[in-house]
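Hi everyone, thanks for coming along. I'd like to walk you through one model today, so let's put it up on the screen.

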Amino acid sequence: MRHLIAIRLAVALGALCATSRAGVLPDDRADALFHRYEGGGIQIQGPSILLRKKLGDSVSLSYNYYVDSITGRVDTVTGASVDAVSGASEYQEHRTQHGITADLLHGKTTYSAGYIGSQENDYDAKTGYLSVSQDMFGDLTTISFGYTYGKDTVGQRGNPDFAEPVTRRNWQVGVTQVLTRKLLLGANFETSESEGFLNNPYRKVRYLDAGEARGYGTQLERYPHTRTGNAGSLQLKYYLPWRAALDGSYRLYSDTWGIIAHTGRLAYVQPAFRRWTFEGRARYYTQDHADFYSDLFPYQNAFNFLGRDRELATFTSVSLGATATWEFPVNRVSFLQKGTLNLSWDRLRISYDDYRDLRTIAVTPGSEPFYTLDADILQFFISVWY
Amino acid sequence: MTMPRTRSTRTWLALMLATATLPLTGCGSIEPWVKPYEREHLADPIMSFAPNPVSSSYLDHVLESREGARGATGSVGGGCGCN
């Protein structure tokens, strides 16, 4: 929990479900991935293993094992995770996650169910998932519905009596549509509801206080106990005449905390040299701050709800990335159909418009420079199909 | 425990349902305009929306854990202590 910006834990089910298509079961494959994130004063790394296997013609099972090992620094004044602030304390965390999914194919309909369990020293999450997908119109259209239910327990290190619940519900609907012989459309809508202890038990907000030497005091943040968000996205993928693909997408998000966000993404995929495939991508994201967010409140307990999480601030995020894939020969291994080695790198920059960098000691609180996060995201993985 | 639902949520749910069921109307009268033998390009692995689900899900969640927006990425997430 204390890692604040650690990787969202539910990688597993997303990975397990992302390949689901109605009418066809996902390929039998195994992926072994090593991931590393470094930026903002923290390093997160670990493995992710995905195994998928069909049982007969109508059932497919998959399992995912995922680990985050986190090393970082946290500001002892505000609880914020920032790089090497004076007075920062170093911490280490370890999180383990297991996920399973079963897909059942019946005619042109695929039914899926899954479960994820995630544990770390101060956060426990259990998530269940159900979905159904249907092919129609000569397999030009695939429609899917999904429902997710999660039950979490928030803990606090050093306080064994602290155990606050969080309940999560998500509804998803998706459509994949063949538009032309070279053009695919994907559309997704998702509504999410969360209820319970939604803030971080360690992080503090700051407020003006002339009695303090640095000009501001701190108090624990306080969030609303409910949050409802709606997201809608459109994605187009086009096959170019020289065997390459262009991928563009847009997403609009809004929620009851006042956040409105826009996401745009563009990617280009180019096979080359018989066994290689290269992908380049760019992503742009921008959001307005939550209604109860402030970098510096005017006084203690200024409002009912108080937040200084930079995830809730106004900012722009830009990332550039590339992936190189090499398909290695598998003809000496009789049970393998295909194998790839993949190296992926993304560079992320987040520029905040109302979150200030407290490493600069300002004469007047609120005049510090705005914070900028730079991060590198590295992935190396091997995939085999059998 | 019953979760409180806003009017906005109900509207979105209704919209999602309506959008998803719209193509069901008049099923029998629609002829596939891209025949199976014309889908060679669409079947190419480079046209997959998620050719490497482990990788794309990981990247999605790295980004989402630093941003306020979430969802509608085509994959499903669970809970975490990353707030």
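I'll go through confidence, then each chain, then the core, and finish with a few individual residues.

First things first: this is a predicted model. For the complex, the predictor gives an ipTM of 0.87 and a pTM of 0.87. Chain A averages a pLDDT of 90, and 90% of its residues score at least 70. For chain B the average is 73, with 53% of the residues scoring at least 70. Please keep two stretches of chain A in mind. Over residues 1–20 of chain A the pLDDT stays under 50, and the model has 117 contacts beyond four places in sequence for them. Residues 83–87 of chain A also stay under 50, and there the model has 12 such contacts.

Now to chain A itself. You're looking at 18 strands and 1 helix. The radius of gyration is 23 Å, and the globule rule gives 21 Å for 386 residues; those values are close, so chain A is as compact as a globular protein of that length. Along the principal axes, the C-alpha atoms fill a box of roughly 75 × 40 × 40 Å. As for burial, 44% of the 386 residues count as buried. And if you take the contacts in chain A with a separation of 6 or more, 59% of them come from residues 24 or more positions apart.

Chain B is quick to describe: 2 helices and 0 strands. Of its 83 residues, 45% are buried.

So where do the two chains come together in the core? The largest nonpolar core has 40 residues, and those with the most contacts inside it are A:Ile259, A:Ala290, A:Ala313, A:Tyr352 and B:Val62. Chain A supplies two or more residues from each of β1 (29–39), β2 (42–55), β10 (204–208), β17 (338–356) and β18 (370–385), and chain B does so from α2 (53–64). Which element gives the most to this core? That would be α2(B), with 5 residues. As general background, nonpolar side chains in soluble globular proteins tend to be buried together.

Staying with chain B, let me point out B:Thr73, in the segment after α2 of chain B. Is B:Thr73 buried or exposed? It has 27 C-beta neighbours inside 10 Å, so B:Thr73 counts as buried. Leaving out residues up to four places away in sequence, B:Thr73 touches A:Ser233 and B:Asp60. If you'd like a distance to check on screen, the C-alpha atoms of B:Thr73 and B:Phe49 are separated by 11 Å, with their positions 24 residues apart along the chain.

Last stop: backbone angles. Most residues other than glycine have a negative phi. With that in mind, have a look at A:Phe137, where phi is near 55 degrees, a positive value in a residue other than glycine. A:Phe137 sits in the loop between β6 (123–136) and β7 (141–155) of chain A. With 16 other C-beta atoms within 10 Å, A:Phe137 is partly exposed.

A:Arg243 is another one to look at: its phi is positive, about 55 degrees, although it is not a glycine. You'll find A:Arg243 in the loop between β12 (226–240) and β13 (244–255) of chain A. A:Arg243 is partly exposed, with 13 other C-beta atoms within 10 Å.

That's my tour, and I'm happy to take questions.

Notes:
Residues are numbered from 1 along each chain as its sequence is written. Chains are lettered from A and ligands numbered from 1 in the order in which they are written. This is a predicted model: local features need pLDDT of at least 70, side-chain atom pairs count only at pLDDT 80 or more; totals for chains, interfaces and linings use all residues. A nonpolar core is a set of buried Ala, Val, Leu, Ile, Met, Phe, Trp, Tyr and Cys residues joined through C-beta atoms within 7 Å. A residue is buried if 20 or more other C-beta atoms lie within 10 Å of its own, exposed if 12 or fewer, and partly exposed in between; C-beta atoms are placed from the backbone. Helices (H or I, at least four residues) and strands (E, at least two) are DSSP runs, numbered from the N terminus. The radius of gyration is taken over C-alpha atoms; the globule rule is 2.2 Å times the number of residues to the power 0.38. Two residues are in contact if their C-beta atoms, placed from the backbone, lie within 7 Å. pLDDT is the predictor's confidence in each residue, from 0 to 100.
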